[in-house]
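Subject: Structure handover

Hello,

Here is the structure I promised to pass on. Please open it first, then read my notes below.

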Amino acid sequence: MARKNFDLIVFDWDGTLMDSTAIIVKCIQAAAKDLGLAIPDDKAASHVIGLGLMEAMQTALPGLDAGLYPRVVERYRYHYLAQDQDLTLFEGVPEMLADLSQQGYFLAVATGKNRVGLNRALHETKLLSVFDATRCADETFSKPHPAMLQELTRELGQDLKRTVMVGDTTHDLQMAINAGAAGIAVQYGAHPANELEMLNPVFSATSALQLHAWLNDNA
């Protein structure tokens, strides 16, 4: 059967493949508490997921002295590294990725994580060999800048018009729009469904299992 719409499927990591939203929120809040700063509420902390780490802290904790942000980042990493080995993939994710890879799709990751963090996560989840390429926020412009998708398509020799970005945040979907790619929303991550729908994704999935079924039928 001829491929319907896409050749390259790009996934966000946290909140899309990895069930990490709640942990990230708690770690941002713990970092602020460590330094005696105003603690962002759950909504403010979850909204920055997907951005590069420094940008995320600047957005979640606006107005601080510039010299404080590296300390916030350090405390965040301390708390996150104490818990990241306990994080798990969403139900159905390994099977979905294996199936899509077997069908011949190019698979990639575009994430706000840094390279060290993503490589550790890929190693621990045994997914390192599944993806054809990956891009992290410390290697290029942070979302929603289109650079990650532009660089991934160039690296893999793919067309942005036949590329789809799958993510749980408006940052992911706006990056897809900015790059001229399609976007798929997942509603089980960091950003509320109504905010995702405002960016007109081609599909919104309520679970990884539903996402897998839709990709099989439509991608």
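Let me start with the largest pocket. Helix α4 gives the most to its lining, with five residues. Bear in mind that this is a predicted model.

The pocket has a volume of about 500 Å³. Its lining counts 27 residues. Which of them lie nearest the centre? They are L53, Y76, G112, K113 and N114. Four elements give two or more residues each to the lining: α1, α3 (53-60), α4 and α6 (115-124). By class, the lining holds 15 nonpolar, six polar and six charged residues.

Next, the helix packing. Two packed helices are described by the angle between their axes and the distance between the axes.

Take α1 and α4, which both help to line the pocket. Helix α1 covers residues 21-34, and helix α4 covers residues 69-81. Their axes come within 8 Å and cross at roughly 130 degrees. That angle makes α1 oblique to α4. The crossing is right-handed. On the α1 side, the contact uses I23, I24, C27, I28, A30, A31 and D34. On the α4 side, it uses V72, R75, Y76, H79 and Y80. So Y76 of α4 is part of this contact, and Y76 is also one of the residues nearest the pocket centre. Nine residues of the contact are nonpolar, one is polar and two are charged.

Now compare α5 and α10. Helix α5 spans residues 93-102, and helix α10 spans residues 208-218. The axes are 9 Å apart, at an angle of about 15 degrees. Angles under 35 degrees count as roughly parallel, and α5 and α10 are therefore roughly parallel to each other. Their crossing is left-handed. From α5 come V93, E95, M96, D99 and L100. They meet A208, L211, H212, L215 and N216 of α10. This contact has six nonpolar, two polar and two charged residues.

Last, two backbone details. Most residues other than glycine have a negative phi, and most peptide bonds are trans. Where is the cis peptide bond? A cis bond joins K143 and P144, with omega about 10 degrees. P144 sits in the loop between β3 (133-136) and α7 (147-156). K126 has a positive phi, near 60 degrees, and is not a glycine. K126 belongs to the loop between α6 and β3.

Best wishes

Methods
Residues are numbered from 1 along each chain as its sequence is written. This is a predicted model: local features need pLDDT of at least 70, side-chain atom pairs count only at pLDDT 80 or more; totals for chains, interfaces and linings use all residues. Side-chain values use heavy atoms; hydrogens and water are left out. Axes are lines fitted to C-alpha atoms, for helices over the stretch in contact, and angles run from 0 to 180 degrees between N-to-C directions. Angles under 35 degrees count as roughly parallel, over 145 as roughly antiparallel, 65 to 115 as roughly perpendicular and the rest as oblique. A crossing is left-handed if the near helix is turned anticlockwise from the far one by less than a right angle, and right-handed if clockwise. Contact means heavy atoms within 4.5 Å. Ala, Val, Leu, Ile, Met, Phe, Trp, Tyr, Cys and Pro count as nonpolar, Asp, Glu, Lys and Arg as charged, and the others, Gly among them, as polar. On a 1 Å grid over the protein atoms alone, a cavity is a set of points where a 1.4 Å probe fits but cannot get out, and a pocket is an open set with protein on both sides within 12 Å along at least five of seven lines; lining residues have an atom within 4 Å of a point. Grid points are joined across faces, edges and corners, and a volume is the space filled by probe spheres set on the points.
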